[in-house]
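Q: I am new to this structure and would like a close look at a single part of it. Please start with the terms I need, and afterwards place that part among other features of the chain.

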Amino acid sequence: REECSNEISKNFGMLPGFVDTLLEDEIGDKLPKKMKAILDHQSETLELELACNLDLEPIISTCYTLEGDGLVILLARAKIDTLLAFGDTVGDRADTLPNVAALLRKQTELKTGVKVYEYFADVTPPRYFKGSITSVARGKVKVKYEDNKTIEQEEHEVRQWIEVREMDEWKRLAAAAKGGITYLRNRLTGNLPAQQKNFDCSHMYEVLRVVQAFDPSWAAQHLDANVVNALAVVKPLRNMTAALLRELPAYLVATAGVVIDHSEGKEDHSFTEQVLKWWATNGSKFPAWAEAAQIIFAFTPNSAAAERVFSMLKSMFGDQQMETLADIIQTALMLRINERRVG
C-alpha cells in the first residue's frame with residue numbers, strides 16, 4: 001500500500017484522467033465514483049496528505065530495515081532511536097515536511113499580508129528573518145522584514161520562503177505525524193494508561209539496547225560492566241552474567257578499534273556478514289561471549305523472515321511432495337536461503 005500511495009503522489013497530475021478512464025470504461029463498481037468525488041471536492045487535501053506520506057519516508061525505511069533477514073536485532077535500537085529523533089522535530093521546520101511545504105506554497109495566493117520566513121546568508125550572523133508581503137504588482141512582490149527593510153523580488157523568489165508553519169493544514173498534518181511518533185515512544189517507554197498496558201514494549205526496547213553489546217563496533221565504544229549486568233533482561237543470558245564479566249576485558253581488547261558499516265537492507269547484508277566474520281575469527285578467545293552471541297543472533301525483531309521461509313517452502317515443495325523427508329526439506333531450504341553456499 002505504501003508503494004501505491006507514493007506512486008499516486010508522484011504522479012498526482014495523471015490521477016484525474018485515470019479515474020475518468022475507469023468511469024468511461026465502466027471498470028470497477030463504487031470505488032471510481034468515490035475517487036471522482038474526492039478529486040472534485042477535496043483534491044488539494046488529498047494531494048497534501050499524500051505529500052505528507054512521502055515526507056514520512058523515514059518511518060517506512062525503518063520498518064523495511066527491521067523486516068530484514070540478517071542480524072537486525074543488533075541494529076533495531078539505533079534505527080528506532082533515529083526515528084524517534086526525527087519525530088521530535090517533524091513539523092518544527094519547513095524542511096522536515098518538504099513536500100507538504102512545497103505544495104502549500106504552490107497553493108498560496110501571493111497577496112498583501114502573506115507571511116514569509118526567509119534565510120539571509122549575507123548578514124552576520126546568517127539567519128532567518130520574518131516578514132510579510134506589502135504589495136504585489138506586475139510579477140513583482142515587495143516584502144517588509146522584521147528589521148523594517150523592504151525588498152522587492154520576483155514572485156518565484158518569494159514563494160519559496162512563504163511561511164507555512166502557521167497554516168491550518170500544516171498544523172493538522174504536523175500534529176498527525178507527531179502524534180504517531182508520540183504513540184510509538186509511549187509504547188516503547190511504557191508511558192501508557194492502564195487500559196493500554198498490554199501494548200507496553202518497554203522490556204523489548206531495553207532488550208534491543210543491551211544486545212548491541214554483541215556488535216563489536218558498538219561494544220568498542222559503549223560496552224561496560226553496567227551493560228553486561230543489564231543483559232540479565234534477556235532470559236537465556238541470566239545465568240551467564242558472571243562468565244561474561246570475567247571475559248569482558250578480553251572481549252574489549254578484541255573489539256578495540258573495530259569499525260563496521262551499519263548500513264543494512266533487504267538485499268544488502270554487509271553488516272551481518274561483517275559481524276559474523278568477526279565472531280568466527282575471534283569468538284574462541286571468549287567462549288562465554290561466543291555462546292551468548294549465538295543465542296542473541298537467533299533473535300529477530302520481526303516475523304517477516306519466518307514468513308518468507310514458509311513462502312519459500314511452499315514454492316519449492318508443492319502438493320505432490322507432501323511426504324518429502326524432513327532432512328531433504330531442511331537441506332534444500334538452507335541451500336536456497338544461503339544462496340547455495342556451503343560452509
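A: Helices, of at least four residues, and strands, of at least two, are DSSP runs, numbered from the N terminus. The model is predicted.

A loop can then be placed by the strands on its two sides. R138, for example, lies in the loop between β2 and β3 (140–145).

The part to look at closely is the second largest pocket. Its volume is about 390 Å³. The elements that contribute two or more residues each to its lining are α5 (57–66), α6 (76–89), α9 (168–189) and α10 (202–210). In all, 16 residues line the second largest pocket, and those nearest its centre are C63, L66, I80, L184 and L188. Sorted by class, the lining is made of 12 nonpolar residues, two polar ones and two charged ones.

Which helix gives the largest share of this lining? That helix is α5, with four residues. Its buried residues are T62, T65 and L66. They line one face of the helix, because their directions, seen down the axis of α5, fall within an arc of 95°. Among what covers these buried residues is α6, a helix that also gives two or more residues to the pocket lining. L66 thus appears twice in the account: it is one of the buried residues of α5, and it is listed with the residues nearest the pocket centre.

C63, another of the residues nearest the centre, raises the matter of disulfides. A disulfide is a covalent bond between the sulfur atoms of two cysteines. How many disulfides does the structure hold? The number is zero. C63 is therefore unpaired: the nearest cysteine sulfur belongs to C201 and is 13 Å away, whereas a disulfide needs the two sulfur atoms within 2.5 Å. The same distance holds when viewed from C201, whose nearest cysteine sulfur is that of C63, 13 Å away. Is C63 buried, partly exposed or exposed? C63 has a relative accessible area of 39%, so it is partly exposed. C201 is partly exposed as well, at 26%.

Away from the pocket, the N-terminal helices offer another example of a helix with a buried face. In α2 (residues 15–24), the buried residues are L15, V19 and L22. Down the axis of α2, these residues fall within an arc of 55°, so they too line one face of their helix. Their packing partners are α1 (2–10), α3 (31–41) and α4 (43–55). Just after α2 comes E26, with a positive phi of about 55°.

Helix α1 holds S9. Is S9 buried or exposed? The cut-off for buried is under 20% relative accessible area, and S9 is at 16%, so S9 counts as buried. Leaving aside residues up to four places away in sequence, S9 touches L50, A51 and L54. S9 and E47 are 38 residues apart in sequence, but their C-alpha atoms are 6.7 Å apart.

Two other helix residues can be set beside S9. H222 belongs to α11 (residues 216–222) and is partly exposed, at 42% relative accessibility. The C-alpha atoms of H222 and Q212 are 9.1 Å apart, with 10 residues of separation in sequence. F310 lies in α16 (residues 304–316) and is exposed, with a relative accessible area of 61%. F310 is 291 residues from V19 in sequence and 38 Å from it, C-alpha to C-alpha.

The strand region has its own points of backbone detail. Most residues other than glycine have a negative phi, and most peptide bonds are trans. Where is P125 found? P125 is in the loop between β1 (115–120) and β2 (127–137). The peptide bond joining T124 to P125 is cis, with omega about -10°. R138, the loop residue named at the start, is not a glycine, yet its phi is positive, at about 50°; R138 is exposed, at 82% relative accessibility. N148 lies in the loop between β3 and β4 (150–154). Its phi is also positive, near 75°, and N148 counts as exposed at 60%.

Note on methods. Residues numbered from 1 in each chain as written. Predicted model: local features only at pLDDT ≥ 70, side-chain atom pairs only at ≥ 80, totals over all residues. Heavy atoms only, no water. 1 Å grid on protein atoms, 1.4 Å probe; cavity = no way out; pocket = protein on both sides within 12 Å on 5 of 7 lines; lining within 4 Å. Points joined across faces, edges and corners; volume = space filled by probe spheres on them. Nonpolar A, V, L, I, M, F, W, Y, C, P; charged D, E, K, R; others polar. Buried < 20%, exposed > 50% of the residue type's maximum accessible area, 1.4 Å probe, protein only. Arc of directions from axis to C-beta. Contact = heavy atoms within 4.5 Å.
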